[in-house]
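Please open the model in your viewer and follow the stops below in order. Each stop names what to select and then describes what is found there.

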Amino acid sequence: MSGAAASGEGPVWEVFVQEKAGDPHKHAGSVHAHDAEMALQHARDVYARRGQVASMWVVPHAAISASMPADNASFFDPADDKIYRLPAHYLSPASDRRR
Amino acid sequence: MTDPAADPVLQAFEARLAKGEKAEPKDRLPERYRRQLVRMMSQHAHSEIVGMLPEANWITRAPSLRRKIGLLAKVQDEAGHGLYLYSAAETLGVPRDELIDQLLTGKAKYSNIFNYPTLTWADIGMIGWLVDGAAIINQSMLAKCSYGPYVRAMIRICKEESFHMRQGYEMVTALARGTPAQQAMAQEALNRWWPPTLMMFGPPEEQSTNSEELVRWKVKLKSNDELRQTFVDQTVVQAQVLGLRIPDPDLRYDEDTKHWTIGPIDWQEFFAVIGGNGPCNRDRLRARREAHEDGAWVRAAAAAHAAKNPQVNA
Ligand SMILES: [Fe+2]
Ligand SMILES: [Fe+2]
């Protein structure tokens with residue numbers, strides 16, 4: 001995602017593309033535009049020149065809040081030690097032998 | 001270069017690269033790495049944009065509708081490549097305006113190859129076959145580099161480049177199998193484009209100042225000579241298929257290395273063109289500046305429209 005500020009071409013919009021219905025929207029890149037309609041048109045011209053697009057989102061860059069990689073250790077830590085959230089933590093008759 | 005031990009940011013960064021991890025925009029990146037990437041990615045973006053000019057020159061004169069739609073689509077792709085790359089470069093915190101300004105004022109470089117003229121229709125075939133062919137080899141390497149946004153832009157670009165190369169090779173094939181005059185046109189164009197295309201990969205590393213750092217930080221994963229060799233091996237065979245002669249009296253196949261070896265490259269010409277004295281440097285910049293100025297009213301109108309309709313503004 002872009003960290004750049006507004007320019008003569010308008011602010012930055014992040015572009016998310018869904019390749020086919022049912023897929024997640026994935027970040028593709030960014031465009032500059034003065035409003036959402038123009039951002040969508042630019043996004044189509046830049047990121048959808050060849051088929052394979054079912055849907056497209058444009059989001060003002062300034063509207064996105066992101067986690068900071070420097071904080072990853074503490075921020076994502078709560079997930080690290082919860083093996084009881086994983087299927088392998090639970091036993092079935094077949095796994096009794098291994099215990 | 002700074003000693004990594006004395007710089008904790010650099011140390012942590014290099015440790016991550018050593019594990020094969022990619023760098024992302026919000027990571028703490030060494031300032032030198034950031035600067036090198038902005039320089040490389042913006043030069044790359046400028047090359048895509050300036051690269052449209054020599055080909056656009058022939059769109060109105062394409063010999064058939066099939067050629068014209070192909071060339072139009074290719075040139076439009078190159079504009080898209082420029083925009084992917086400006087977008088990726090902006091993730092490092094440099095506004096696009098600033099990058100474009102560096103191009104228009106002549107401060108930034110772009111690939112030397114686009115300072116050569118397209119004199120005949122055969123040159124358009126040569127650009128697709130040779131220049132895009134060379135670009136694919138370089139860009140496939142960059143698609144594995146250490147900076148995430150650059151990698152993603154390169155993957156997107158590489159998917160489109162194979163169409164560029166194929167349409168070029170098809171054009172050259174048509175000429176090479178055409179009348180004697182068409183064959184001569186193809187051979188003359190190859191004679192002109194071969195030497196500057198070899199220079200696209202840059203001088204051997206010992207003459208290149210930026211290389212050591214770029215290798216260390218996994219921006220460059222292969223040497224210029226290695227990339228050039230891949231290009232030579234691939235292209236010599238393609239020329240043979242068409243009955244075209246590579247214009248190099250020293251070209252020979254080395255049975256031991258299984259590679260084609262080439263004669264000396266005129267690096268003086270390379271540095272003269274970088275220095276602004278290629279055949280088309282001034283034309284290219286003038287065309288870019290005019291296009292930018294001609295578009296000023298569109299940007300102003302869009303800004304005025306957005307100001308009147310603030311509810312949809314970002
Ligand atoms: Fe390109
Ligand atoms: Fe291309």
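**Stop one: the interface**

In this predicted model, select chain A and chain B together: 9 residue pairs are in polar contact between them, both residues being at pLDDT 80 or more. Next, colour the elements of chain A that give two or more residues to the side touching chain B, namely strand S1 (12-18), strand S2 (26-32) and helix H1 (36-47). By class, this side of chain A has 14 nonpolar, 9 polar and 4 charged residues.

Now display every residue in the contact, which takes 27 from chain A and 28 from chain B. Within chain A, select His34(A), Arg49(A) and Arg50(A), which lose the most area to chain B and together account for 24% of what that side buries. The two chains bury about 2,300 Å² between them, with 54% of it on carbon and sulfur atoms.

The rule finds 4 salt bridges across this interface. To view one of them, select Arg49(A) and Asp77(B), whose closest N and O atoms are 2.8 Å apart.

**Stop two: the iron site**

Select the iron ion (ligand 2) with its protein donors Glu78(B), Asp132(B), Glu161(B) and His164(B), which lie 2.0 to 2.2 Å from the ion. Why is the arrangement irregular? The 4 donor atoms subtend angles of 84 to 169°, which makes it so.

Add the iron ion (ligand 1): Glu78(B) bridges the two ions, which lie 3.2 Å apart. Finally, show helix H4 (residues 65-90) of chain B, which holds Glu78(B), and helix H6 (residues 121-142) of chain B, which holds Asp132(B); the pair therefore ties together parts that are 54 residues apart in sequence.

Notes. Residues numbered from 1 in each chain as written. Chains lettered and ligands numbered in written order. Predicted model: local features only at pLDDT ≥ 70, side-chain atom pairs only at ≥ 80, totals over all residues. Heavy atoms only, no water. Contact = heavy atoms within 4.5 Å. Buried area = accessible area lost by both parts, 1.4 Å probe. Salt bridge = Lys/Arg side-chain N within 4 Å of Asp/Glu carboxyl O. Polar contact = N/O pair within 3.5 Å; in protein donor to acceptor, adjacent residues only side chain to side chain. Helix = DSSP H or I, 4+ residues; strand = E, 2+ residues; numbered from the N terminus. Nonpolar A, V, L, I, M, F, W, Y, C, P; charged D, E, K, R; others polar. Donors = N, O, S within 2.8 Å, 3.2 Å for Na, K, Ca; no water. Tetrahedral: all angles 85-135°; square planar, octahedral: opposite > 155°, others 65-115°.
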